Amino acid sequence: MGTLNIHTETQITTTLFNQLCTKEAKIAVVGLGKEGLETALYLASKYRVIGYDNNRDITTVIQQKKDPNKKMTSTDFIGKDFFATSITNLLESAQFFIINKPDNNKRNLPLSKSTTAVAKNLKIGDVVVFQQTKNLKREMGFYIALLEQISGLQHHTDFKTAYTTKIISENTLNSDQKTIESLDTEARDLVATVIKNVTAFKVIKTAQKIDTNTIAHKIEEALKLQYPSKKTFNILLKGITSEKNTNNIKNSKAVALYMALYRKGNNVKVQDNHILPSKVKAACGIELTTSTSQCFDAIVTTVKHDNYKTITQNNCKKNSTTQTLFFDQLGNRK
């Protein structure tokens, strides 16, 4: 009694990941020093994130979209689902915690304070990650015992832990590096998936210089993370010609991308007002869609037409939902 079997553990971690993606669940980044704030804003591009620090002066500055450490700029806050607080009780609404090593490098007491704050708000099914820890493997027993003692919960059975050897950020974390460790395989895989999902969500740049099969694979990989229950996807390509502002379709990379996605069984539709539908049909058998109210799992800009340079998610409201992924292959927008 009280021991979860592997199937149940897998269900719990999968459910938590899905809830994070749909923003039903929240991530709490505890400690908003140099690395903490960077991690919080990075994850907030995809998830709903609470940034917690017990220093009210720090959170007050961050609430004004300013970085007390002068590392991040106001533009780094744009489009991020993030808020900062010094109110410990608000951590109760989070299910995935990331505890940061403090900037002052005093190890035990400050990290114990952060761990205590999390422990007071820990619930069954939660995951706790200790970030940027080189020697914490030897100390994990102490912090896990602290979590158990204060929360009254049991490690592995009620909550899971992991730790990273590098900070979670756009600049310092390669999703392929083995930077995550845990005694619990499910916890390690969950943390890796949460991070990788943000990486997959990033813009794919310079598409014309990348093999289209690689691009198609990256798009499908991101879609599988976003929609775990789906095997095929509805995808809208914006642009089909080989060059911007022309009706030339010969050697079009967009056609190659269409074929790569279509061969995987996906429902792919194409829009391009620079070329006649009959010309596209005759050249490659693709039916252009002039207008549609269908909602897509992904919308991909593929050609550098001038009228596509200003496309934003707001322009595509009738073709998207809150879960639709946008891939900007023009490389000129975040």
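**Exercises on a predicted model**

Buried residues make up 47% of the 334 residues in the protein. The model is predicted.

**Exercise 1.** State how many helices and strands the protein has, and what share of the contacts with a separation of 6 or more is between residues 24 or more positions apart.

*Solution.* Start with the elements: there are nine helices and eleven strands. Then take the contacts with a separation of 6 or more: residues 24 or more positions apart account for 73% of them. Finish with the surface. The protein exposes about 17100 Å², and 49% of that comes from carbon and sulfur atoms.

**Exercise 2.** Find the nonpolar surface patch that includes L90, then place L90 in the chain and classify its exposure.

*Solution.* F83, I87 and L90 form the patch, about 250 Å² of surface. L90 sits in the loop between strand 3 (82–85) and strand 4 (96–100). Its relative accessibility is 33%. Partly exposed runs between the buried cut-off, under 20%, and the exposed one, over 50%. L90 therefore counts as partly exposed.

**Exercise 3.** Examine the backbone at K23 and N245: what is the sign of phi at each?

*Solution.* Recall the background: most residues other than glycine have a negative phi. Now check K23. Its phi is near 70°, a positive value in a residue other than glycine. K23 lies in the loop between helix 1 (6–21) and strand 1 (27–30). At 27% relative accessibility, K23 is partly exposed. Next, N245. Its phi is near 60°, also positive. N245 belongs to the loop between strand 8 (234–238) and helix 8 (253–262). With a relative accessible area of 34%, N245 is partly exposed.

Technical notes. Residues are numbered from 1 along each chain as its sequence is written. This is a predicted model: local features need pLDDT of at least 70, side-chain atom pairs count only at pLDDT 80 or more; totals for chains, interfaces and linings use all residues. Side-chain values use heavy atoms; hydrogens and water are left out. Patches are made of residues with over 30% relative accessible area and no salt bridge: like charges are joined within 9 Å, nonpolar side chains (Val, Leu, Ile, Met, Phe, Trp, Tyr) within 5 Å. Accessible areas come from the Shrake-Rupley method with a 1.4 Å probe; for residues, only the protein chains shown count as cover. A salt bridge is a side-chain nitrogen of Lys or Arg within 4 Å of a carboxyl oxygen of Asp or Glu. Helices (H or I, at least four residues) and strands (E, at least two) are DSSP runs, numbered from the N terminus. Buried means under 20% relative accessible area, exposed over 50%, partly exposed in between (1.4 Å probe, protein chains only). Contact means heavy atoms within 4.5 Å.
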